[in-house]
Amino acid sequence: MKGEARMKKVLLGAAAVAVVGGMAMTALPGNRSALGADIASRTYVAPGEYDEFYGFLSGGYSGQLSIWGIPSGRMLKVIPVFSQDPETGYGYTEETKPLLMTSYGFQAWDDSHHPHLSQTNGDADGRWVFINGNNTPRIARIDLSYFETRETLEIPNTGGNHGSSFVTQNTEYVVGATRFSIPTGKDVDVPISSFKENFSGKISFVNVRPEDGRMNLAFQLRVPAYNYDLARAGKGPSGDWVFFTTYNTEQAHTLLEIEASRADKDFILAVNWKKVEEAAKAGKGRQVAAEYYHNYYDPSKSMAVSERKNGVLQLDPADVAGAVFLLPTPKSPHGVDIDPSGELIVAGGKLATVIPVHSYSKMMAAIANQEFEETIDGIPVLRYASTIAGEVENPGLGPLHTEFDGKGYAYTSVYISSEIVKWDLKTFQVVDRIEAFYSIGHLMIPRGDNRNPAGKYLIGMTKTARDRFLPVGPKQNHPAQLYDISGDRMVMLSDFPTIGEPHYAQAIEASKIKDQSKRIYSLAENNHPYALKRTEDARVERSGNIVRVWMAHIRSHQRPDNIEGIMVGDTVYFHHTNVEQDWDVVHGFAIKGMGTAEVLVAPGQTKTNIWVPTRPGVYPFYCTAFCSALHQEMQGYVRVSPRGANTPLVWRTGNEAGGAVNVN
Amino acid sequence: MTMKWAIGRTGAVLAVAALLAGCGSGDAAQAAVAGGSVPTVEPTGTVVEVRMMSIGGEKFGPEELTVRRGDVVRFVLESGVHNVSFPAAENPDGVRLPETSPYLQVPGQHHDVLIDLPAGEYTFHCDPHVFLGMVGKLTVNE
């Protein structure tokens, strides 16, 4: 690294000392892991009662988002986002496949890390939750009235959208920061060893339409070829800024394990998004080549659609004077978190032995006084001593992420020593610590990144379960651990396995969301071109090799339920409409040998699956979702004849419809 | 589970199904009235049947009927899963309307409504299928 700020405390070389310190602090009285009956009652939510909070846990390598009740730890739902989901048909049906389209083609999987709730005045408002796709860079928006993915936006010119999907304090923007720097330009073929000459990083700003949440890639900022890790927007006084952590400022492109850990410090990148926005509106920057997909639910079609886009406005820091700065920060920092007042910028130096805390007001003063130690790619580097408010000493080994309780305390997850440390935002003294089982990554307090946190519980998400639950083989699910933080001391309340690998999570009071949850999709507002509004309109039509089945689903039959005249080589579109308007009465569809997934159709929805039969025969189909007392009677047959057979195309539903044969 | 069903020509069903429906077994005096309160009308002993159907379109049969105050309207499930409700927004103000029925799921299952309503015209429908046109009109005479 080029910058050589002074460091008071440092580095993994001091690990042994730090461990001793950590152990000393751990020797506090009382075994708070030994659960008593009173502790069990604190997580007990009686049957039929509701939890106090909704928790949204990322799925990590599942690509999804799961919703949990807090404090019970009851799983409420898994919302498919970036990965196909055969359980619901997400990513298999024609209505949802567009959400997985990218400029690299259809992506059946991704890695979802950081859910972030939309905010108003720095507090979560419960309209939407955004989440990043890490591998093929994307941001998704999940609607919290239907609780489903409504939009995905590819982030071009980046590699690994890890520093995402964090919103500014009024959801003006949701940001993305490239983890991998990559060659500058579109589809550039250069030697990997030309990293320093040809590679760059990108910070992406996606604006969010207030009325419906629709995203738009507004502009990108070209930044030095580092790895960008995590991000947080400021709030209150710092609300015009977004902060990003960097590592690999050594600019290694191989064996980062060694090469990217050499420098004493890396940086926090501070970006004044308002100034960059003003510069973009004033015509600064330039359109550069980019190819990306924007996929969203189109209410006029009641399905998702894809748009392929070209070009993005890109700015250099030099285009925007006084908007971009680097804050030296030890050492390969991971998280960057802003306290409720908006004044303190807390870094988690994952190889550091202190938690460095920068001051926003000191940063602003240092900028005004030009207390720069150098300039990198046109970006002033502020002096460490000028911006630092303090260092939390003895935090354990490998501090990562920090959230706040709104009562003057911060809680930092510490990976290597596997603990949570609570420290005082005024004195920077550690006041409590508690073990995490095992190897904690992110932690989360309900609205713990907001201006007004709901600091009653804390959930730590750990990387390995080992002996915590009944063993289930060499690969086990990742635990989440619930702590009560309402008192002076943290108390562990429960421990439950999760879905995929939760990285970050967010939680919000149930009272802010539950009453907006929809009970049905309105059939009256179903604008799908193949929707049925009356069961009498159910029918089958052939056009060449394409056969379309308008199928009505109603307890307890499909209409039609007998179809003949399909031939091998036909492409059959089943357009399923659940014509009922009854909360949580879902119909499903599967046909023998279908080769894809079932289709679940919620009340009032239309969903489509495509079937290409390859063998003659009579194929049973049935409702896969137990819907009524006569669910098991909800079934039918499709007769498939050899190619060229003269079987007429007919359909029927029972005797009553027996005469109603439709031949095209 | 094995159940013996005794279904007559009209589709009326005996005790087991009536228990499932959570309402009376066909005794007019036991029929549901609003709020489970005591009826204010003397039952006439007349039972008028309305079928509830899904096959070939979701509908009541008949879709319009006329009864006297004190008659019982017996909603009998023929196919599908249905309920019957008298929506406040589409009925006269200030009238104590019959309670919404439970869902009927088994063919032959029925729900009785003792008509304890002033003379006039009333609308009823099936909640999950009202959009599909499953609506009925009830005229009550003194």
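**Exercise 1. Is A:Arg468 buried, partly exposed or exposed, and what does its side chain pair with?**

Before starting, note that this is a predicted model, in which local features need pLDDT of at least 70, side-chain atom pairs count only at pLDDT 80 or more, and totals for chains, interfaces and linings use all residues. Residues are numbered from 1 along each chain as its sequence is written, chains are lettered from A and ligands numbered from 1 in the order in which they are written, and side-chain values use heavy atoms, with hydrogens and water left out.

*Solution.*
- Step 1: A:Arg468 has a relative accessibility of 27%, so it counts as partly exposed. The scale calls a residue buried under 20% relative accessible area, exposed over 50%, and partly exposed in between (1.4 Å probe, protein chains only).
- Step 2: A:Arg468 forms a salt bridge with A:Asp495, with 2.6 Å between the closest N and O atoms. The term stands for a side-chain nitrogen of Lys or Arg within 4 Å of a carboxyl oxygen of Asp or Glu.
- Step 3: A:Arg468 sits in the loop between β32 (457-462) and β33 of chain A, and A:Asp495 in strand β34, so the pair ties together parts that are 27 residues apart in sequence. Strands (E, at least two residues) and helices (H or I, at least four) are DSSP runs, numbered from the N terminus.

**Exercise 2. Place two further salt bridges of chain A in their surroundings.**

*Solution.*
- Step 1: Over all chains, the rule gives 43 salt bridges.
- Step 2: One of them joins the side chains of A:Arg489 and A:Asp432 (3.1 Å, N to O). The arginine is in the loop between β33 (479-484) and β34 (491-497) and the aspartate in strand β30 (residues 430-435), so parts 57 residues apart in sequence are tied together.
- Step 3: A:Arg489 is partly exposed at 28% relative accessible area, whereas A:Asp432 is buried at 0%.
- Step 4: A:Arg555 and A:Asp582 also meet in a salt bridge (3.0 Å, N to O). Both of these residues are buried.

**Exercise 3. Describe the setting of A:Asn295.**

*Solution.*
- Step 1: A:Asn295 belongs to strand β18 (residues 286-298) of chain A and is buried, with a relative accessible area of 1%.
- Step 2: Leaving out residues up to four places away in sequence, A:Asn295 touches several residues, including A:Pro98, A:Arg150 and A:Val305. Contact here means heavy atoms within 4.5 Å.
- Step 3: The side chain of A:Asn295 has a polar contact of 2.8 Å with the side chain of A:Ser306. Such a contact is a pair of N or O atoms within 3.5 Å; within protein, one must be able to donate a hydrogen and the other to accept it, and residues adjacent in sequence count only if both atoms are side-chain atoms.
- Step 4: A polar atom of the A:Asn295 side chain also lies 2.9 Å from the backbone oxygen of A:Met101.

**Exercise 4. Move to the interface, and find A:Ser628 there.**

*Solution.*
- Step 1: Chain A brings 19 residues to the contact and chain B brings 16 residues.
- Step 2: Between the two chains there are zero salt bridges, while five residue pairs are in polar contact (both at pLDDT 80 or more).
- Step 3: A:Ser628 lies in the loop between β44 (617-622) and β45 (635-641) of chain A and is buried at 5% relative accessible area.
- Step 4: Not counting residues up to four places away in sequence, A:Ser628 touches A:Arg555, A:Ser556, B:Val81 and B:Gln105. Its side chain makes a polar contact with that of A:Ser556 (2.5 Å).
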